[in-house]
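Work through the exercises below with the model open. Try each task before reading its solution.

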There are 4 protein chains.
Amino acid sequence: MDDPLAGFPVAIEIPVQWGDMDAFRHVNNTVYIRWFESSRVVYTRKVGLWDLLESERVGPILASTRCDYRRPLTYPDTVRVGSRVARIGRTSLTMEHRVVGLASNEIAAEGTAVLVLFDYNKSEPCPIPDPIRRRIGELEGHRDLS
Amino acid sequence: MDDPLAGFPVAIEIPVQWGDMDAFRHVNNTVYIRWFESSRVVYTRKVGLWDLLESERVGPILASTRCDYRRPLTYPDTVRVGSRVARIGRTSLTMEHRVVGLASNEIAAEGTAVLVLFDYNKSEPCPIPDPIRRRIGELEGHRDLS
Amino acid sequence: MDDPLAGFPVAIEIPVQWGDMDAFRHVNNTVYIRWFESSRVVYTRKVGLWDLLESERVGPILASTRCDYRRPLTYPDTVRVGSRVARIGRTSLTMEHRVVGLASNEIAAEGTAVLVLFDYNKSEPCPIPDPIRRRIGELEGHRDLS
Amino acid sequence: MDDPLAGFPVAIEIPVQWGDMDAFRHVNNTVYIRWFESSRVVYTRKVGLWDLLESERVGPILASTRCDYRRPLTYPDTVRVGSRVARIGRTSLTMEHRVVGLASNEIAAEGTAVLVLFDYNKSEPCPIPDPIRRRIGELEGHRDLS
């Protein structure tokens with residue numbers, strides 16, 4: 001069977017908590033956005049984007065997020081949440097996220113996040129440094145990300 | 001001064017809670033999605049979309065959501081969260097949401113949500129009934145929503 | 001009619017959000033703890049406990065919290081959440097919280113929180129300064145808090 | 001090394017999410033209460049307390065919760081959250097919860113929850129059935145729970 005997270009170099013696993021469900025008895029839509037964030041943090045730490053924050057006061061800011069809900073999730077289940085970089089610009093990058101429920105092994109939600117690298121010293125966007133571009137390139141198998 | 005929520009027929013007011021902030025000391029991105037939902041629930045209840053749920057097992061499902069983050073928010077503040085319908089299709093509608101911080105009176109975030117009306121008896125999307133179209137039309141000042 | 005928050009010098013008002021409800025269609029138990037926190041933050045800021053944090057690296061830490069759930073809450077409603085200091089020790093204080101639903105004007109939950117004033121420079125608890133004791137005394141109507 | 005969860009027949013494992021931290025850069029106090037709930041749900045389902053809900057409209061209600069915070073937690077980490085029954089009364093039971101951070105293997109928080117079994121048909125507390133008492137007794141190694 002194909003892995004719905006094939007092509008996602010970073011994936012985390014999180015148990016659905018009973019309290020993640022809302023009054024419709026499905027996982028609430030905000031929980032997916034939290035999962036996206038959790039997966040994105042693992043990715044951005046892995047490529048060194050968080051090291052800059054403490055050393056140089058340069059760090060990623062979330063500019064935009066989007067989520068398409070494909071199938072409802074219910075407790076009990078566990079989700080895998082994948083992240084990959086789809087595109088790198090001069091000062092920003094676009095990530096793609098995908099949520100897969102273990103019970104069904106089907107895609108429960110997909111979405112994107114646009115991150116801007118921000119220089120808190122100058123209060124302006126900051127070009128993404130070459131070492132970070134290289135690490136992302138390695139993770140992404142040197143796909144074209146322009 | 002222009003009201004940043006002019007043209008939004010429904011708006012709610014919610015105090016920012018200290019715990020809405022994350023480790024970056026700004027309101028966390030998931031909180032905006034919760035605010036969108038809270039404002040959307042007021043709108044959809046107002047036009048009768050929730051009455052169908054109990055009487056006919058027909059109700060709105062969130063298919064997609066998007067948020068563009070414009071300016072960070074911090075505690076203490078209060079937000080106003082507006083909702084309007086931008087478009088009505090046969091079985092779905094697109095809402096627009098806008099978050100305004102009272103401290104600045106500026107737009108903190110904007111986004112959209114696509115809702116699909118779903119018939120739980122037939123397990124399929126359901127045409128939006130005329131009485132609901134009419135109530136939305138009245139709220140939206142009979143703008144063209146096609 | 002008696003005010004269920006009589007004797008609580010600080011009270012905040014927060015709308016119940018639809019998403020605060022869980023799969024039992026009542027406000028989830030964790031939401032009350034968040035409301036306690038929100039009310040407590042208003043109180044502790046008001047008496048100067050947060051000013052010390054930035055100027056002297058001394059601030060309150062939550063040591064313990066308790067909540068008794070009296071009556072379930074549902075959306076739509078608005079809650080008032082009161083805070084008062086019941087007791088001040090050398091380095092700690094005990095607060096009492098009360099949640100009242102506007103729809104019923106009845107107590108929905110009551111609880112306590114123990115705060116310890118902590119000196120991050122010395123990594124040890126810190127005696128509560130006299131000016132803060134005085135401000136709490138004034139707020140509490142000079143009741144005996146020992 | 002002693003297991004800090006020895007004596008807890010049910011334990012779950014949950015990754016700390018970055019967004020669980022608040023502006024103090026520690027896991028927020030409400031998150032522990034959510035973890036308690038998640039562990040408690042596993043326990044109560046295991047002994048059959050949720051089966052009654054659908055078949056007989058009898059189910060557990062949270063009457064009270066308490067948490068003592070021992071050591072702050074930060075991202076990244078994973079927690080184990082244990083549950084055991086300390087006491088069974090006629091219509092209620094007292095659970096104990098314990099949170100252990102994997103990074104330190106030390107207790108981060110401890111607490112209790114009082115559950116009341118409620119009959120939604122009669123709108124009154126309901127005696128805990130013998131089969132459920134037996135299953136709890138087996139899980140708890142036939143300790144005295146009176």
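**Exercise 1. The contact between chains B and A**

How many residues does the contact take from chain B and from chain A? Then break down the side of chain B by element and by residue class.

Solution. This is a predicted model.
- Step 1: Count both sides. Chain B gives 13 residues to the contact, and chain A gives 13 residues.
- Step 2: Assign the elements. On the side of chain B that touches chain A, at least two residues come from helix 1 (29-46), and at least two from strand 2 (58-69).
- Step 3: Find the main contributor. Strand 2 of chain B gives the most to this side, with eight residues.
- Step 4: Sort by class. The side of chain B that touches chain A holds five nonpolar, four polar and four charged residues.

**Exercise 2. Strand pairing across chains A and B**

In which sense do strand 2 of chain A and strand 2 of chain B pair, and over how many bridges? Identify the bridge partner of A:Thr65 as well.

Solution.
- Step 1: Take residues 58-69 of chain A, which form strand 2.
- Step 2: Read the pairing with strand 2 of chain B. The sense is antiparallel, and there are five bridges.
- Step 3: Locate A:Thr65. Its bridge partner in strand 2 of chain B is B:Cys67.

**Exercise 3. The relation between chains C and D**

Which rotation and shift superpose chain C on chain D? Name the kind of axis, and find the residue of chain C that comes closest to the axis.

Solution.
- Step 1: Recall the general form. Two copies of a chain are related by a rotation about an axis and a shift along it.
- Step 2: Fill in the values. Chain C superposes on chain D by a rotation of 180°, with 0.0 Å of shift along the axis and an RMSD of 0.0 Å.
- Step 3: Draw the conclusion. The two copies are therefore related as by a two-fold rotation axis.
- Step 4: Search chain C for the residue closest to the rotation axis. This is C:Arg66, with its C-alpha at 2.0 Å.
- Step 5: Compare the contact surfaces. Both copies use the same surface, as 100% of the contact residues of chain C recur in chain D.

**Exercise 4. The contact between chains C and D**

Repeat the analysis of Exercises 1 and 2 for chains C and D. What are the residue counts on each side?

Solution.
- Step 1: Chain C supplies 13 residues and chain D supplies 13 residues.
- Step 2: Helix 1 (29-46) and strand 2 (58-69) of chain C each bring at least two residues to the side that touches chain D.
- Step 3: Strand 2 of chain C gives the most to that side, with eight residues.
- Step 4: By class, the side of chain C that touches chain D has five nonpolar, four polar and four charged residues.
- Step 5: Strand 2 of chain C pairs with strand 2 (residues 58-69) of chain D in the antiparallel sense, over five bridges.
- Step 6: C:Thr65 has D:Cys67 as its bridge partner in strand 2 of chain D.

**Exercise 5. The fold and confidence of chain A**

What is the order of elements in chain A from the N terminus on? Check the radius of gyration against the globule rule, then look at burial, contacts and confidence.

Solution.
- Step 1: Count elements. Chain A has three helices and six strands.
- Step 2: Write the order: β-α-α-β-β-β-β-β-α.
- Step 3: Compare radii. The radius of gyration of chain A is 16 Å, close to the 15 Å from the globule rule for 146 residues, so chain A is as compact as a globular protein of that length.
- Step 4: Get burial. Of the 146 residues in chain A, 42% are buried.
- Step 5: Check contact range. Among contacts in chain A with a separation of 6 or more, 70% join residues 24 or more positions apart.
- Step 6: Assess confidence. Chain A has a mean pLDDT of 96, and 99% of its residues reach 70 or more. For the complex, the predictor gives an ipTM of 0.96 and a pTM of 0.97.

Technical notes:
Residues numbered from 1 in each chain as written. Chains lettered and ligands numbered in written order. Predicted model: local features only at pLDDT ≥ 70, side-chain atom pairs only at ≥ 80, totals over all residues. Contact = placed C-beta atoms within 7 Å. Helix = DSSP H or I, 4+ residues; strand = E, 2+ residues; numbered from the N terminus. Nonpolar A, V, L, I, M, F, W, Y, C, P; charged D, E, K, R; others polar. Pairing = 2+ DSSP bridges. pLDDT = per-residue confidence, 0-100. Least-squares fit on C-alpha atoms with pLDDT ≥ 70 in both. Rg over C-alpha atoms; globule rule 2.2 N^0.38 Å. Buried ≥ 20, exposed ≤ 12 C-beta atoms within 10 Å, placed from the backbone.
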